[in-house]
Amino acid sequence: MRVLGVDPGLTRCGVGVVEGTAGRPLRMVGVGVVRTPAEADTADRLVLIERGIEQWLDEHRPEFVAVERVFSQHNVRTVMGTAQASAVAMLCAARRGLPVALHTPSEVKAAVTGSGRADKAQVGAMVTRLLRLDAPPKPADAADALALAICHIWRAPAAGRLQQLAAAQRRTTAPVRLPKGTR
């Protein structure tokens, strides 16, 4: 499974591609940051993010895209930019028919470090260890993107099984329709 992880941001949008399967060693395919100038107009910045993500999709051909779920922050301006960058990543994936998964920051931290309250240094250290890298990816946005991809690789099989079970349960608990006149 090849996953593009996206840590959305308007100034720095972390991107990282990881390949592997749950229970097996993982391999980093690529990592980086799509940057936009803070002084540019928001619409122009979103176009730059779209171009950058499209370039990553073209170059690395992921099968899935994992994006950090935007959560409410005190700074409305920051959360708006993050949400807009997140939407661009989802749009790019949807345009290509790629499945998109949203993971919360605490879900990613728990998957990678074992604690949903881990700090950025702990996440970076575990990403380094799990991908057998020489040093943590810089900046932290890049490490977070790899952590998102790792989280998805590890959680996707379980999520798929849960969806299959839910669908089977819906089929077996469907209402029985009696023929007319037998009520």
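## Ser-86 in helix α2

Ser-86 is situated in helix α2, which covers residues 76-95. The model described in this report is predicted. With a relative accessibility of 3%, Ser-86 counts as buried, because buried residues are those under 20% relative accessible area. Apart from its neighbours within four places in sequence, Ser-86 is in contact with Pro-8, Val-67, Glu-68 and Val-70. Of the elements described below, β4 comprises residues 64-68.

## The open sheet

The sheet is open and consists of five strands in the order β3-β2-β1-β4-β5, with mixed pairing. The edges are occupied by β3 (27-35) and β5 (100-103), each of which has a single partner strand, so one side of each is left without a neighbour in the sheet. On average, and with direction ignored, neighbouring strands of this sheet are turned by 20 degrees against each other.

Two helices are described against this sheet. Helix α1 lies across β1, β2, β3 and β4, and runs at about 165 degrees to β3. Helix α2 also packs on the sheet, where it touches β1, β4 and β5; the direction of α2 makes about 170 degrees with that of β4.

## Strand β1 and its partners

Strand β1, residues 2-7, is mostly covered, with six of its six residues buried. The covering extends to both faces of β1: Arg-2, Leu-4 and Val-6 are buried on one side, and Val-3, Gly-5 and Asp-7 are buried on the other.

On one flank, β1 runs antiparallel to strand β2 (residues 12-19), and six bridges join the two. A hairpin of four residues connects β1 to β2. Within this pairing, Leu-4 stands opposite Val-17 of β2, and Gly-5 has Gly-16 of β2 as its bridge partner.

The pairing of β1 with strand β4 is in the parallel sense and extends over four bridges. Here Val-3 stands opposite Phe-64 of β4, while Leu-4 stands opposite Val-65 of β4. Leu-4 therefore has a facing residue in β2, namely Val-17, as well as one in β4, namely Val-65.

## Strand β4

Four of the five residues of β4 are buried, so this strand is largely enclosed by the rest of the structure. In addition to its pairing with β1, β4 is joined to β5 by four bridges, and these two strands run parallel. Ala-66 of β4 stands opposite Ala-101 in β5.

## Packing of α1 against α2

Two packed helices are described by the angle between their axes and the distance between the axes. The axes of α1 (residues 42-60) and α2 come within 9 Å and cross at roughly 40 degrees. That angle makes α1 oblique to α2. The crossing in which α1 passes α2 is right-handed.

On the α1 side, the contact is made by Thr-42, Leu-46, Ile-49, Glu-50, Ile-53, Glu-54 and Leu-57. On the α2 side, the contributing residues are Gln-84, Ala-85, Val-88, Ala-89, Cys-92, Ala-93 and Arg-95. Sorted by class, this contact of α1 with α2 has nine nonpolar, two polar and three charged residues.

## Helix α5 and Ala-158

Ala-158 lies in helix α5, which comprises residues 140-172. Its relative accessibility is 33%, and Ala-158 accordingly counts as partly exposed. Although Ala-158 and Ala-22 are 136 residues apart along the chain, their C-alpha atoms are separated by 9.8 Å.

## Backbone exceptions in loops

Most residues other than glycine have a negative phi, and most peptide bonds are trans. The peptide bond from Lys-138 to Pro-139 is cis, with omega near -5 degrees. Pro-139 is located in the loop between α4 (120-130) and α5.

Arg-132 is found in that loop between α4 and α5. Arg-132 is not a glycine, yet it has a positive phi of about 55 degrees. The relative accessible area of Arg-132 is 54%, which means that this residue is exposed. Arg-61, located in the loop between α1 and β4, likewise has a positive phi, near 45 degrees, in a residue other than glycine. Arg-61 has a relative accessible area of 56% and is exposed.

Note on methods
Residues are numbered from 1 along each chain as its sequence is written. This is a predicted model: local features need pLDDT of at least 70, side-chain atom pairs count only at pLDDT 80 or more; totals for chains, interfaces and linings use all residues. Side-chain values use heavy atoms; hydrogens and water are left out. Buried means under 20% relative accessible area, exposed over 50%, partly exposed in between (1.4 Å probe, protein chains only). Contact means heavy atoms within 4.5 Å. Axes are lines fitted to C-alpha atoms, for helices over the stretch in contact, and angles run from 0 to 180 degrees between N-to-C directions. Angles under 35 degrees count as roughly parallel, over 145 as roughly antiparallel, 65 to 115 as roughly perpendicular and the rest as oblique. A crossing is left-handed if the near helix is turned anticlockwise from the far one by less than a right angle, and right-handed if clockwise. Ala, Val, Leu, Ile, Met, Phe, Trp, Tyr, Cys and Pro count as nonpolar, Asp, Glu, Lys and Arg as charged, and the others, Gly among them, as polar. Two strands pair if DSSP finds at least two bridges between them.
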